[in-house]
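Got the viewer open? Let's take a walk through this structure, one selection after another.

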Amino acid sequence: MVATGAQGSGGRLLLRSTSRRAGLRAPGVVAMKIWVTGGHGMVGTALYRRLAMDGHEVLAPASRVLDLCDRRAVDAWLASHAGIRVVVHLAGRRGGLGARLADPTGFFLDSLAIVTNVIDATRRRGINRLVFVGTACVYPVDAVQPVVEEALMTGPLEPHNEGYALARICGTRLCADMNAQFGTRFLTLHPCNLIGPRDCFDPESGQVAPSLIARIERARRMQAPSVKVWGSGRACRDFLYVEDFVDAITFFVNNPDLVPRDRPWLNVGGGRDVSIAELAQRIAETAGYRGRLEFDVSRPEGVSRRLLDIHRVTALGWKPLTSLSTALARTIAWYRDTLPDSPTPSLSDSTGV
Ligand SMILES: NC(=O)c1ccc[n+]([C@@H]2O[C@H](COP(=O)([O-])OP(=O)(O)OC[C@H]3O[C@@H](n4cnc5c(N)ncnc54)[C@H](OP(=O)(O)O)[C@@H]3O)[C@@H](O)[C@H]2O)c1
């Protein structure tokens with residue numbers, strides 16, 4: 001996938017706030033050639049559209065074209081694409097908890113290879129700027145909430161996420177070390193749970209929000225009297241609409257001078273958390289499902305609370321704009337539109353941002 005826009009030489013700071021989905025190219029942005037890994041995923045698709053809209057030339061080879069686990073292939077691909085100014089590294093091996101438990105070694109090795117091959121090749125090609133996307137799972141299970149960036153590597157990780165999280169910790173560390181040793185401007189963004197179109201809506205193996213949407217939508221279509229929600233419903237999570245996360249990425253792509261010199265990693269979250277019970281209730285209301293929510297305490301629910309402290313990133317000029325209600329309404333509307341056999345009752349999207 002390649003979008004062609006004007007190509008410039010720069011990458012200098014020209015913008016402090018983004019155009020924020022106004023459907024307009026952000027003013028003053030210097031167009032660049034940008035390599036987006038994972039450009040066909042949930043975040044990548046939205047990011048690709050935004051960067052192209054800002055006039056950047058975006059290169060986003062799919063995994064069947066470029067396997068990022070293959071170090072030599074990554075080097076060769078970069079060598080044949082001159083002029084890349086910025087890399088946005090989103091790619092990560094797909095698969096929910098089931099896939100991770102079935103093949104923890106393969107999952108860990110692939111995750112690590114994808115992270116390190118791209119970061120290392122970027123630096124060796126002399127590309128000075130990279131935005132690496134990590135995850136809130138990098139923080140210890142017992143971290144004080146809301147979790148600050150300083151909590152990285154201060155305690156044990158969630159056991160079932162260890163391989164995935166360790167790979168992202170290595171990437172975070174690698175970016176920081178390269179900045180210190182080689183003067184690069186590599187930045188890691190650690191997002192909370194994202195909500196939005198093109199997520200994995202598998203009722204069994206998806207993340208909490210998309211799998212709840214899938215189960216509640218199925219219950220609504222089948223007019224089932226109740227729907228199961230995994231766990232007690234008391235665990236709390238932080239959610240962010242995917243377009244808000246794309247805002248954060250483009251904000252740092254367009255504002256390279258904002259990469260912190262000390263601890264070059266930033267939390268990106270919604271700034272507040274909700275219980276899974278409240279999330280399920282709001283999905284049911286938005287979807288128009290009137291049955292009962294039954295909490296299945298025999299199912300795992302992970303850590304009791306995970307909320308990211310976003311003071312550092314908001315002090316730099318980014319903040320979340322989309323309410324949870326709007327994020328859910330838009331996501332459910334997209335989900336219905338993509339299900340061919342689903343009738344599409346109108347959704348209220350009146351909550352604003
Ligand atoms: N979604 C969330 O809630 C969330 C939360 C925190 C962090 N994150 C992180 O944010 C990033 C983007 O998330 P997402 O939801 O957009 O992920 P996604 O939809 O699962 O997309 C993953 C992307 O990685 C690519 N990929 C996987 N293995 C590859 C390989 N061996 N070589 C080349 N490309 C490969 C896939 O390419 P193909 O499609 O071409 O196969 C796909 O485009 C991921 O790193 C994820 O861990 C996501």
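Helices and strands here are DSSP runs numbered from the N terminus, with at least four residues for a helix and at least two for a strand. Keep in mind that you are looking at a predicted model.

**The whole chain.** Colour the protein by secondary structure, and you have 10 helices and 13 strands to look at. The chain has 353 residues, and 45% of them count as buried. Now think about contacts with a separation of 6 or more: 77% of those in the protein chain join residues 24 or more positions apart.

**The ligand.** Select the ligand and the 24 residues around it; Gly 38, Gly 41, Ala 62, Ser 63 and Gly 92 come nearest. What kinds of residues make up this shell? Colour by class and you get 12 nonpolar, 9 polar and 3 charged. Next, highlight helix H1 (42-53) and strand E7 (193-195), each of which supplies at least two residues of the shell. H1 gives the most, with 3 residues.

**From H1 to H7.** Stay on H1 and add helix H7, residues 242-254. Two packed helices are described by the angle between their axes and the distance between the axes. For H1 and H7, the axes come within 9 Å and cross at roughly 55°. That angle is neither under 35 degrees nor in the 65 to 115 range, so H1 is oblique to H7. Show side chains to see who makes the contact: Met 42, Val 43, Ala 46, Leu 47, Arg 50 and Leu 51 from H1, and Val 242, Glu 243, Phe 245, Val 246, Ile 249 and Thr 250 from H7. Sorted by class, this contact has 9 nonpolar, 1 polar and 2 charged residues. The crossing of H1 and H7 is right-handed.

**H4 and H5.** Now select helix H4 (residues 104-124) and helix H5 (residues 162-182), whose axes come within 8 Å and cross at roughly 15°. Angles under 35 degrees count as roughly parallel, so that is how H4 lies relative to H5. Among the residues making the contact are Phe 107, Phe 108 and Leu 112 of H4, along with Tyr 164, Leu 174 and Phe 182 of H5. The full contact of H4 with H5 divides into 13 nonpolar, 4 polar and 2 charged residues. This crossing, of H4 and H5, is right-handed.

**Backbone oddities.** Most residues other than glycine have a negative phi, and most peptide bonds are trans. Here are some spots to check against that.

- Zoom in on the peptide bond from Gln 145 to Pro 146, which is cis, with omega near -15°. Pro 146 sits in the loop between strand E5 (129-133) and H5.
- Go to Gln 223, in the loop between helix H6 (208-221) and E8. Gln 223 has a positive phi of about 55° although it is not a glycine. Is Gln 223 buried or exposed? Gln 223 counts as exposed, because it has 9 C-beta neighbours inside 10 Å.
- Jump to Arg 263, in the loop between H7 and strand E10 (265-268). Its phi is positive too, near 50°. Arg 263 is partly exposed, with 14 other C-beta atoms within 10 Å.

**Last stop.** Select Ser 232, in the loop between strand E8 (226-230) and strand E9 (236-241). Which residues does Ser 232 touch, not counting residues up to four places away in sequence? They are Phe 295, Val 297 and Glu 301. Add Ala 277: its C-alpha atom and that of Ser 232 are separated by 7.9 Å, while the two residues are 45 residues apart along the chain. Ser 232 is partly exposed, with 15 other C-beta atoms within 10 Å.

Definitions and conventions. Residues numbered from 1 in each chain as written. Predicted model: local features only at pLDDT ≥ 70, side-chain atom pairs only at ≥ 80, totals over all residues. Near = placed C-beta within 6 Å. Nonpolar A, V, L, I, M, F, W, Y, C, P; charged D, E, K, R; others polar. Axes fitted to C-alpha atoms, helices over the stretch in contact; angles between N-to-C directions. Parallel < 35°, antiparallel > 145°, perpendicular 65-115°, else oblique. Left-handed = near helix turned anticlockwise from the far one by under 90°. Contact = placed C-beta atoms within 7 Å. Buried ≥ 20, exposed ≤ 12 C-beta atoms within 10 Å, placed from the backbone.
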